[in-house]
Amino acid sequence: MKKIIIGFFTIGLLVGCGNETSSEPKKENAAAVAKEKKPVELSVDIVDEASYTYEDDTELMGNYSAVIENKSDIPVDVSNITVTYENNDGNVIGSSTNSTVWVSPHVVEPGQKAYVMNETDLPIASSDDFKSAEMTVTPEETTEKAIELPIEGALLTADDNSVFLRMLGKVKNTSDVPLDHVTIAAAIYDKNNKFVTVSYGQVQETFNPNQSVPFQTDSPWQNFGKLQEPERYEIFAYMYE
């Protein structure tokens, strides 16, 4: 019984001490919680961008490409992107709401870059009516990770009419699991180091660890006579987990 009584006294003393000194730690804890709940500032910069028009059969198409960089202190998902196309009068003549914006990687670490491409049909008579395209990126916090995969034998080429730029090559699965979704994108520059466009592609068939599979990325291209011929490129492939 004595041991039990001592035990109760000990607990009582601890509780009493806690009540006497609890007011200050509570204030400190409240400040710490408020600090933890402070919203994280998410920021993405546009490093390079370019927009063109081209003819696809009888339709006039608009193409927008960009290189963006994560300026946040944490990894972000940048797949929430919109692109708006305007004519010379400032009227909206097209947007990504009726098309798809491709970006690779869609998860970017602090200081990392991602490549964006979008194209849509434009209800205008000629390229002379096209003024510009504008992109908005809304970054979001994410726990997803993008892991770079090695690329082998990359080649920059174009079709016979020089309308589409293409990147050909192979991507290798260096992970320990089968992959069924890999995104690939290249930023392409001319001989003066001016940004030209983005070429984008995907590998969606399953391939096993240590296997390499071919890929092709594409980008619309007006023609080599109107725009500077491409000189160099930066290309990356990513898996996600």
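Two strands count as paired if DSSP finds at least two bridges between them. The strands themselves, each at least two residues of type E, are DSSP runs numbered from the N terminus. With that settled, here is the model.

It is a predicted model, so local features need pLDDT of at least 70, side-chain atom pairs count only at pLDDT 80 or more, and totals for chains, interfaces and linings use all residues. Residues are numbered from 1 along each chain as its sequence is written, and side-chain values use heavy atoms, with hydrogens and water left out.

I start with the sheet. Four strands form an open sheet in the order 1-2-8-6, and the pairing is antiparallel. At the edges are strand 1, residues 44-56, and strand 6, residues 101-104, each of which pairs on one side only. From one strand to the next the twist averages 15°; the axes behind such an angle are lines fitted to C-alpha atoms, and angles run from 0 to 180 degrees between N-to-C directions. As general background, strands of a sheet pair through backbone hydrogen bonds, either parallel or antiparallel.

Now strand 8, residues 113-122. How many bridges does strand 8 share with strand 2? There are 10, in the antiparallel sense, and one position to look at is Gly62, which stands opposite Thr120. With strand 6, strand 8 pairs over 4 bridges, again antiparallel. There, Ser104 faces Tyr115, and Val103 has Val116 as its bridge partner. Of the 10 residues in strand 8, 7 are buried, where buried means under 20% relative accessible area, exposed over 50%, and partly exposed in between, using a 1.4 Å probe and protein chains only.

Next, one residue of strand 2, which covers residues 59-70: Met61. Is Met61 buried or exposed? Its relative accessibility is 11%, so Met61 counts as buried. Contact here means heavy atoms within 4.5 Å. Not counting residues up to four places away in sequence, Met61 touches Tyr52, Thr53, Tyr54 and Asp56, and also Thr120, Asp121 and Leu122. Pro220 is 159 residues from Met61 in sequence, yet their C-alpha atoms are 9.1 Å apart.

On to the cores. A nonpolar core is a set of buried Ala, Val, Leu, Ile, Met, Phe, Trp, Tyr and Cys residues joined through side-chain atoms within 4.5 Å. The largest has 22 residues, and those touching the most other members are Val78, Ile81, Val83, Tyr85, Val116 and Met135. Strands 2, 4, 6, 8 and 9 each supply at least two residues of this core. Val116, leaving aside neighbours within four places in sequence, has contacts that include Tyr64, Ile81, Trp102, Met135 and Val198. Another core, of 14 residues, lies apart from it, with Leu149, Val203, Phe207 and Ala237 among its members.

Last, the aromatic rings. Rings of Phe, Tyr and Trp (its six-membered ring) pair if their centres lie within 6.5 Å; planes under 30 degrees apart count as stacked, over 60 as edge-to-face, and the rest as tilted. The structure holds 4 such pairs. Tyr85 and Phe130 have ring centres 6.3 Å apart and planes at 45°, so this pair is tilted. Tyr85 is in strand 4 and Phe130 in strand 9, so the pair ties together parts 45 residues apart in sequence. Tyr85 counts as buried, at 0% relative accessibility. Tyr189 and Phe195 make an edge-to-face pair, 5.8 Å centre to centre with 65° between the planes, and both residues are buried.
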